[in-house]
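Biologist: I have a structure open and I'd like to learn how to read it piece by piece. Could you walk me through it?

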Amino acid sequence: MGISIASFLLPLALVLNLVSVCNGGTTSAFVRNVQKGVNMSLDSDVFAVPSGYNAPQQVHITQGDLVGKEVIVSWVTEDEPGSIAVRYWSTDNSKQKKLAKGKIVTYRFFNYSSGFIHHTTIRNLEYNTKYYYEVGLGNTTRQFWFITPPEIGPDVPYTFGLIGDLGQSFDSNRTLSHYELNPRKGQTVLFVGDLSYSDNFPNHDNVRWDTWGRFVERSTAYQPWIWTVGNHEIDFAPEIGETKPFKPYSHRYHTPYKASQSTSPFWYSIRRASAHIIVLASYSGYGKYTPQYQWLEQELPKVNRTETPWLIVLMHSPWYNSNNQHYMEGETMRVMYEPWFVKYKVDVVYAGHVHAYERTERVSNIAYNVVNGICTPIKDQSAPVYITIGDGGNLGGMETNMTEPQPEYSAFREASFGHAIFDIKNRTHAHYSWHRNQDGYSVEADSHWFFNRFWHPVDDSTAHVFH
């Protein structure tokens with residue numbers, strides 16, 4: 001029986017209507033509110049000051065050493081300095097309570113005077129152990145807990161949360177709640193910069209550093225947040241006499257930079273479970289001969305992929321970004337460091353800054369030398385995947401103005417608020433998922449299986465055909 005040309009062309013046309021082949025990957029068609037965000041008012045319950053005389057507030061913890069056996073505990077008291085000690089104990093040995101003592105710092109910013117900012121390091125902790133800790137001893141004592149990571153090893157599973165550009169808007173609150181209720185249960189947050197956005201308020205109102213610290217305490221007091229500095233932490237305001245960059249951030253948020261031989265708290269590394277995490281500073285000197293350059297040049301060869309297979313880099317300003325907002329702002333740092341990232345086979349790079357979400361393919365652009373004209377990113381299975389996760393919920397709203405057509409290196413992009421999860425399974429596989437705020441807690445708006453570049457360097461790229 002013969003087949004007419006018309007009967008063949010009709011179903012073909014229907015198929016072509018359902019499948020699009022684009023220059024790059026997927027630009028999500030999800031419809032969301034693109035209006036600017038609204039900051040929560042000062043009397044919001046998430047900003048409430050804890051009751052009691054001199055009650056500790058803004059409690060947060062971060063890793064305190066290179067290998068995960070120390071924790072830096074930080075908090076603020078308002079009425080008086082109070083005790084500098086932290087009392088702590090493990091669930092395995094609740095009768096043997098120990099004390100760790102720290103230090104107090106204060107600062108002034110324009111017409112603002114800070115409370116008493118405490119930083120105490122708890123040392124010699126056991127791996128994979130739940131500890132309770134108390135601060136505010138002698139006045140109003142508050143109790144919290146944390147769980148130390150498992151001992152470092154190549155096949156140790158571990159789950160990281162990813163949040164950036166959070167701020168303190170209603171959208172920020174939705175992002176944090178969504179992360180907390182995600183059934184994948186992140187164990188440590190990798191935070192890619194831009195915390196309080198206090199510099200968006202008149203005279204860089206540092207009261208908004210206090211409100212932000214109280215807002216995030218419900219997470220930061222119970223699991224480490226690994227800090228990356230962003231442009232909204234610079235707080236350089238010569239018009240009001242404030243000329244020391246990063247002053248509020250530096251006093252409030254400490255990092256274990258000396259443990260990795262860094263000379264600055266803005267760039268450093270840690271090892272946690274099966275991951276080696278490098279934190280870079282987009283707004284400190286990174287050219288040749290600078291301290292950050294020299295440190296990174298020495299740090300990358302130290303990464304032992306037989307102990308920590310997963311090499312993760314955090315920064316604020318993205319190198320690969322197809323959003324017109326902040327487009328190519330990370331280009332000079334990319335030119336300096338990208339050849340190293342390819343040489344040492346970095347698995348993934350997380351950045352913020354752009355208030356939208358994007359995931360790239362594995363690409364590099366390291367052949368260009370000014371005169372050869374080779375300046376187009378190419379697929380490179382030794383290169384990282386670059387993920388922009390600056391969609392935490394800041395006041396500025398979503399950045400929807402994307403470059404067209406979508407470049408080939410871009411696998412998925414969407415202008416929505418959300419967070420991400422990087423779930424390491426073993427030395428070869430990790431599952432990544434991005435969760436938009438509007439979805440159910442377990443819904444993955446974007447997901448990807450990562451194959452480790454050292455142990456399983458096969459092609460894990462995304463197909464450029466989508467339905």
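Biologist: Let me start small: in strand 15, which residue is the bridge partner of Leu190?

Modeller: Keep in mind that this is a predicted model. With that said, Leu190 has Ile226 of strand 15 as its bridge partner. Step back one level and you see strand 14 (residues 188-191) pairing with strand 15 in the parallel sense, over three bridges.

Biologist: What is the strand order of the open sheet of six strands?

Modeller: The order is 15-14-13-24-25-26, and the pairing is mixed. To read a sheet, look for the strands at its ends. Here strand 15 (225-227) and strand 26 (446-451) are at the edges with a single partner strand each, so one side of each has no neighbour in the sheet. Ignoring direction, neighbouring strands are turned by 20° against each other on average.

Biologist: And which strands does helix 2 touch when it packs on the sheet?

Modeller: Helix 2 touches strand 13 (158-163), strand 14, strand 15, strand 24 (418-424) and strand 25 (429-436). Its direction makes about 25° with that of strand 24. Helix 3, for its part, lies across strand 14 and strand 15 and runs at about 130° to strand 15.

Biologist: How do I read two helices against each other? At what angle do helix 2 and helix 3 pack?

Modeller: You take the angle between their directions, then the gap between their axes. Helix 2 (residues 170-180) and helix 3 (residues 207-220) pack at about 10°, with axes 11 Å apart. Angles under 35 degrees count as roughly parallel, so that is what helix 2 is to helix 3. On the helix 2 side, the contact uses Ser172, Asn173, Leu176, Ser177, Tyr179 and Glu180, which meet Phe215, Val216, Arg218 and Ser219 of helix 3. By type, these contact residues come out as four nonpolar, four polar and two charged.

Biologist: Let's try another pair. How far apart are the axes of helix 5 and helix 6?

Modeller: The axes of helix 5 (residues 291-299) and helix 6 (residues 331-343) are 11 Å apart, and the packing angle is about 10°. That makes helix 5 roughly parallel to helix 6. Gln292, Tyr293, Leu296 and Glu297 from helix 5 make the contact with Met333, Met336, Tyr337, Trp340 and Phe341 from helix 6. The split in this contact is seven nonpolar, one polar and one charged.

Biologist: Back to sheets. Which strands stand at the edges of the one with order 6-5-11-12?

Modeller: That one is an open sheet of four strands with antiparallel pairing. Strand 6 (98-101) and strand 12 (142-147) are the edges; each has a single partner strand, so one side of each lacks a neighbour in the sheet. The twist from one strand to the next averages 30°. Strand 5 (residues 85-90) pairs with strand 6 over four bridges, and Ala85 stands opposite Lys101 there.

Biologist: What about rings? How many aromatic pairs does a search of the whole structure find?

Modeller: The search finds 37. For any pair, check the distance between ring centres and the angle between planes. In Tyr131 and Phe146 the centres are 5.7 Å apart and the planes are at 25°, so this pair is stacked. Tyr131 sits in strand 11 (residues 130-135) and Phe146 in strand 12, so the pair ties together parts 15 residues apart in sequence.

Biologist: Last one: where does UniProt place "domain: Purple acid phosphatase N-terminal"?

Modeller: The unreviewed UniProt entry puts that feature at residues 56-148. Over that span the chain is 0% helix and 54% strand.

Definitions and conventions. Residues are numbered from 1 along each chain as its sequence is written. This is a predicted model: local features need pLDDT of at least 70, side-chain atom pairs count only at pLDDT 80 or more; totals for chains, interfaces and linings use all residues. Side-chain values use heavy atoms; hydrogens and water are left out. Axes are lines fitted to C-alpha atoms, for helices over the stretch in contact, and angles run from 0 to 180 degrees between N-to-C directions. Angles under 35 degrees count as roughly parallel, over 145 as roughly antiparallel, 65 to 115 as roughly perpendicular and the rest as oblique. Contact means heavy atoms within 4.5 Å. Ala, Val, Leu, Ile, Met, Phe, Trp, Tyr, Cys and Pro count as nonpolar, Asp, Glu, Lys and Arg as charged, and the others, Gly among them, as polar. Two strands pair if DSSP finds at least two bridges between them. UniProt positions are given in the numbering used here, feature names are shortened, and annotations may be inferred rather than shown by experiment. Rings of Phe, Tyr and Trp (its six-membered ring) pair if their centres lie within 6.5 Å; planes under 30 degrees apart count as stacked, over 60 as edge-to-face and the rest as tilted.
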